[in-house]
Number of protein chains: 2
Amino acid sequence: MKISTKGRYALRMLIDLAEHNDNGFIALKEIAERQDISKKYLEQIIPILNRSGILITNRGYQGGYKLAKNPEEITVGEILRNTEGSMAPVACLEQTPNQCEKCSYCVTLPIWQGLEKVVNEYLDSISLQDIINQSKNRSGDYII
Amino acid sequence: MKISTKGRYALRMLIDLAEHNDNGFIALKEIAERQDISKKYLEQIIPILNRSGILITNRGYQGGYKLAKNPEEITVGEILRNTEGSMAPVACLEQTPNQCEKCSYCVTLPIWQGLEKVVNEYLDSISLQDIINQSKNRSGDYII
DNA sequence: ATAATACCTATTGACTTAATAGGATATGTT
DNA sequence: AACATATCCTATTAAGTCAATAGGTATTAT
């Protein structure tokens, strides 16, 4: 039940973008260095976020990326579902309708459906803005 | 975020044991055939359930397995945490204290901690007895 | 003794993950 | 137009994990 680096890196990249949002485009080089993540590897994650309407690109000289929406409109659930493919704990939940020949009488299916639901509801309840706010509050603890 | 066959097979095996509990020991051959799972592979999963105090073994002729507790005392969470190692969505949560050098200021850590919590709470809310009861209710739909 | 059972450890093929690599394409600046 | 700085695209690969399969050893009721 692990989330892959793809999803974790995507989340960190988007938090970075949200934190450094000055209405301009931010070069991947900058993000990769700040987050200490392979730039080449991030390049492969970006098309997913692009297609999903999470990220906007500017190509060429002084190009880069910025969020396609406000940080409060982008949830962790949206990011992870797109990068991980889905949050389904079992493969059969990824096809609708369920293609497993046992699904009509499967006693464990309702458990997995319920699990996917609580996972998605939790992750959808957290926006990029929430993460930034939390992070600010935590830093505050040390200042006082 | 997938649950492996190890965890899924363990769950199915234990549901099978709970359903066919006649206070005797049930041979693995029987379970494997009924569930259509490789007997040899199940053999590797059993030691985990044994160590975890979920299963009791009887060796030799007419040997087999039975649940170590009542079906209402065994939760899906207990089964999956033991077979999968943990339900942590990221590896750093598996060591206490957290060994990641960034953990003191990591902005995503609270998200993963929260996710592990909702997953465990959900899975701990379902017992083997609950699954059997659900299954009976569903069959009832067709009888009427 | 025998047959039926559980227990133990090693091996393996297929697949996935997490990168790395090398270019092609686009675009603002000079 | 040339150039530098970016993104975009596709292929390759090393390492690791998964899901078994295999072959034996130990135990016990009959």
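## Polar contacts with DNA strand C

A:Tyr9 puts a polar side-chain atom 2.9 Å from a phosphate oxygen of DNA strand C, a polar contact being a pair of N or O atoms within 3.5 Å. This is a predicted model, where local features need pLDDT of at least 70, side-chain atom pairs count only at pLDDT 80 or more, and totals for chains, interfaces and linings use all residues. Residues are numbered from 1 along each chain as its sequence is written, and side-chain values use heavy atoms, with hydrogens and water left out.

Chain B reaches a phosphate oxygen of DNA strand C too, with a polar side-chain atom of B:Thr57 at 3.3 Å. A:Arg59 goes for a base instead: one of its polar side-chain atoms sits 3.0 Å from a base oxygen of DNA strand C.

## The surface around the strand

There are 25 residues around DNA strand C, and A:Lys40, A:Gln44, B:Leu28, B:Thr57 and B:Tyr65 come nearest (near means a heavy atom within 4 Å). On the DNA side, sugar and phosphate make up 61% of the strand's atoms that come within 4 Å of the protein.

As for elements, α3(B) gives the most to this surface, 4 residues. Those supplying at least two residues each include α1 (5-19) of chain A and β1 (55-58) of chain B.

## Cysteines without bonds

Count the disulfides (cysteine sulfur atoms within 2.5 Å) over all chains and you get 0. The sulfur of B:Cys100 is too far for a bond, because its closest cysteine sulfur, in B:Cys92, is 5.7 Å away. B:Cys103 is in no disulfide either, with the sulfur of B:Cys100 nearest at 6.1 Å.

Technical notes. Chains lettered and ligands numbered in written order. Polar contact = N/O pair within 3.5 Å; in protein donor to acceptor, adjacent residues only side chain to side chain.
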